[in-house]
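Got your viewer open? Here's a walk through the model, one selection at a time.

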Amino acid sequence: MQSEIRTLARQFAQKEILPRVEEDEKTETFRPELIEQLGSLGLTGIPVSETYEGAGLGYREYTAAIEEIAKASASYAISVAVTGLPQVILSNYGTEEQKKRWIPPLATGKAIGAFSLSEAVSGSDAAALITTAKKEGNSYLLNGTKLWCTQGDVAETLIVMARTGGEGPKGISAFVVEKGMSGFRLGKREKKMGCGISHTMELVFENTKIPESHLIGKEGEGFKIALSALDSGRITIAATAVGIAQAALDCAVHHAKEREQFGKPIGAQQGVAFLLADMGTQIEAARLLVQQAATLKDKDQPYSQQAAMAKLFATDTAMKVTTDAVQILGGSGYTSEFPVERYMREAKVTQIVEGTNQIQRLVVGRHLLGGLR
Ligand code: CAA
């Protein structure tokens, strides 16, 4: 099944996404209809149960699809990955009513999802967030400003973490916020180095009334809910990085065969061939780490450490491979006539989003040391 999903995603991405990417990245144009089309192919809810209109498959299939989408556009791969976060949270922690209400539109691409944890004061130190959700009767009043919310402007269903209790991780709860709720407005949109199609938003909450039926799990469980979702999200970001790196390698190989200097293709120079060999080897290793984390998750075995390792290695690989691809294309690689400079800009964000690679090292280190701090 994994190879069928891979082929389906590749065909769609190459035909429908790739031709518009360069222009849309420049104009920062996101096309929700592409997510809807991906949804109608069953590609926006791959690991979600068929009961809630998902494909009922696993992360091995999900990551294969994301890798193929990323080869065409990292922005759309990230969009699919982030739309997956509310689905995984609701699948694991939602009530039956919450699952039935919010998962099917996301799983079928009719709605876009978002996840909002970070704030100005709480990036890597996610438990320091200060947005509050105060209980008033049967509702919560949400107040505060969230940052770095991927596709917060187009999302219909957002999972927002806010403080319902005291300081620290145990005072945090998770809520479903819906587009258009009164007191919820969009703040600034970040101007970024890459991934312009995927908008990164500030969200402002001013006495936003959230019915208590929107609380996920219990009060105080929000931090665990967020971090467990990020564990799975990190596998999808790693898959995105593998896709970006593979696209860069494909471009570099093509160039190394076509471009002639000193009377022969530059790929016939050992200096270039060795560079390509290292790039290919690192990508294969990254893909295997992604597969390992995905397989553990699919088997319901602990995978937090392997997800962090996959994210760390795959995204560092993407940065290195895309930089080397630019080098192989030389001056041309540095221009926007070729996609490798875009890949290099896209690779950078994968080292940051869903936990910087320093945080991934911290997570891996804690696992290796059995929690020693
Ligand atoms: N799954 C479930 N629970 C977890 C967990 C995990 N992976 N990791 C920790 N926890 C639990 C712990 O067990 C602990 O609970 P108990 O006391 O009951 O055992 C509680 O959470 C606190 O854990 P820590 O003491 O380890 O917490 P910490 O403050 O040291 O933080 C951290 C740990 C790993 C640094 C975490 O804060 C982190 O991952 N930071 C990075 C945040 C991040 O990735 N942000 C990106 C968000 S993505 C985004 O915003 C953009 C977008 O659009 C997607």
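Start on a strand: select Thr 132 in β2, whose bridge partner in β3 is Asn 143. Before going on, two housekeeping notes. You're looking at a predicted model, where local features need pLDDT of at least 70 and side-chain atom pairs count only at pLDDT 80 or more, while totals for chains, interfaces and linings use all residues. Residues are numbered from 1 along each chain as its sequence is written, and side-chain values use heavy atoms, with hydrogens and water left out. As for the element names, helices (H or I, at least four residues) and strands (E, at least two) are DSSP runs, numbered from the N terminus.

**The strands**

Now widen the selection to β2 (residues 132-136) and β3 (residues 139-150). These strands pair in the antiparallel sense, over five bridges; two strands count as paired if DSSP finds at least two bridges between them. Zoom in on the hairpin, which has two residues between the strands. Gly 137 takes a positive phi there, near 65°.

Follow β3 across to its other neighbour on this tour, β7 (residues 200-211). Nine bridges join β3 to β7, and the two run antiparallel. To find one spot on that pairing, select Thr 150: the bridge partner in β7 is Thr 200.

Stay in β7 and click Asn 207. What is the phi of Asn 207 like? It's positive, near 50°, in a residue other than glycine. Most residues other than glycine have a negative phi.

Next stop: β1 (residues 113-116). Both faces of β1 are covered. Gly 113 and Phe 115 on one side are buried, and so are Ala 114 and Ser 116 on the other. Here buried means under 20% relative accessible area, exposed means over 50%, and partly exposed is in between (1.4 Å probe, protein chains only). Add β4 (residues 157-163) to the selection, and you have a parallel pairing of β1 and β4 over four bridges. Ser 116 stands opposite Val 160 in β4.

From β1, trace the chain towards β2 and stop at Ala 127 in the loop between the two. Is Ala 127 buried or exposed? At 13% relative accessibility, Ala 127 counts as buried. Try a distance label from Ala 127 to Arg 163: they are 36 residues apart in sequence and 9.4 Å apart in space, C-alpha to C-alpha.

**Around α3**

Select Glu 53, in the loop between α2 (32-40) and α3. Glu 53 is another non-glycine with a positive phi, about 70°. Glu 53 is partly exposed, with a relative accessible area of 46%.

At the other end of this stretch, pick Ser 73, in the loop between α3 (59-72) and α4 (74-93). Ser 73 is buried, with a relative accessible area of 0%. Show the side chain: it reaches the backbone nitrogen of Ser 75 at 3.3 Å. That fits the cut-off for a polar contact, a pair of N or O atoms within 3.5 Å (within protein, one must be able to donate a hydrogen and the other to accept it, and residues adjacent in sequence count only if both atoms are side-chain atoms).

Inside α3 itself, go to Ile 69. Ile 69 is buried, at a relative accessible area of 0%. Now label its distance to Thr 240: the two are 171 residues apart in sequence, yet 7.9 Å apart in space, C-alpha to C-alpha.

**The helix pairs**

Two packed helices are described by the angle between their axes and the distance between the axes. Axes are lines fitted to C-alpha atoms, for helices over the stretch in contact, and angles run from 0 to 180 degrees between N-to-C directions. Under 35 degrees counts as roughly parallel, over 145 as roughly antiparallel, 65 to 115 as roughly perpendicular and the rest as oblique. A crossing is left-handed if the near helix is turned anticlockwise from the far one by less than a right angle, and right-handed if clockwise.

- Show α3 with α6 (residues 222-258): they pack at about 40°, axes 7 Å apart. That makes α3 oblique to α6, and the crossing is right-handed.
- Swap α3 for α7: α6 and α7 pack at about 155°, axes 9 Å apart. They are therefore roughly antiparallel, with a left-handed crossing.
- Finish with α7 (residues 270-298) and α8 (residues 304-329), whose axes come within 9 Å and cross at roughly 160°. This pair is roughly antiparallel too, and the crossing is left-handed.
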